[in-house]
Amino acid sequence: MEKELSRNAGHEIRFPVDWEFRIIVDADLAAAARPLLAACFEKHEIATALHEGLDSKNGRYRSFKAPLVLTSREMMDQLAAELAAVPGVKFVL
């Protein structure tokens, strides 16, 4: 399989690529957001586990990490957009 190349802010990404989405969520909405985030991955038949990340210094935000393999830039963009649309999500990195 030939690897797809994508340029992002001057950096080259070769697909498929091991990736870890980091999702920053409002701490008050984290419990409700978690199953919705998992549903985004299930919708695309991606087997990954959401791991608890760190809480912010003042406890306003909680992070989740989701390791996976991305096969294309389109897959990356679509998942990032769907994750960002979950209520309570502030950032998707």
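So, to kick off: how much accessible surface does the chain have, and what percentage of it belongs to carbon and sulfur atoms? The accessible surface comes to about 6,100 Å², and 53% of that belongs to carbon and sulfur atoms. Those areas are from the Shrake-Rupley method with a 1.4 Å probe, and for residues only the protein chains shown count as cover.

Quick housekeeping. This is a predicted model, where local features need pLDDT of at least 70, side-chain atom pairs count only at pLDDT 80 or more, and totals for chains, interfaces and linings use all residues. Residues are numbered from 1 along each chain as its sequence is written, and side-chain values use heavy atoms, with hydrogens and water left out.

Okay, the layout. We've got two helices and six strands, and along the sequence they go β-β-β-α-β-β-α-β. Helices here are DSSP runs of H or I with at least four residues, strands are runs of E with at least two, and both are numbered from the N terminus. Of the 93 residues, 31% count as buried. Buried means under 20% relative accessible area, exposed is over 50%, and partly exposed sits in between, with a 1.4 Å probe and protein chains only. On contacts, meaning heavy atoms within 4.5 Å: among those between residues at least 6 apart in sequence, 64% join residues at least 24 apart.

Now the sheet. It's an open one of four strands, in the order β4-β5-β3-β6, with antiparallel pairing. β4 and β6 (89-92) stand at the edges with a single partner strand each, so one side of each has no neighbour in the sheet. Neighbouring strands are turned by 30° against each other on average, direction ignored. For pairing, DSSP has to find at least two bridges between two strands. Between β3 (residues 17-26) and β5 (residues 61-70) there are 10 bridges. If you want landmarks on that pair, Val-17 stands opposite Leu-70, and Ile-24 stands opposite Ser-63. β4 (residues 51-55) is joined to β5 by three bridges, with Glu-52 opposite Phe-64. The hairpin of β4 and β5 has five residues between the strands, and Gly-59 there takes a positive phi near 80°.

On to the helices. α2 (residues 73-84) packs on the sheet, touching β3, β5 and β6, and its direction makes about 15° with that of β3. For angles like that, axes are lines fitted to C-alpha atoms, for helices over the stretch in contact, and the range is 0 to 180 degrees between N-to-C directions.

α1 has 14 residues and reaches 20 Å from first C-alpha to last, close to the expected 20 Å at 1.5 Å a residue; that expectation is 1.5 Å times one less than the number of residues. Its buried residues are Ala-30, Ala-33, Leu-37, Cys-40 and Phe-41. They cover an arc of only 90° around the axis, so they're on the same side of α1; the arc is taken from the directions from helix axis to C-beta atoms. β3, β5, α2 and β6 are among what covers them. Ala-31, Ala-32, Pro-35, Glu-42 and Lys-43 are exposed on the other side.

Last bit: backbone oddities. Most residues other than glycine have a negative phi, and most peptide bonds are trans. Just after α1, though, Glu-45 takes a positive phi of about 55°. Glu-45 sits in the loop between α1 and β4, and at 76% relative accessibility it counts as exposed. Then there's the peptide bond from Phe-15 to Pro-16, which is cis, with omega near 0°. You'll find Pro-16 in the loop between β2 (11-15) and β3.
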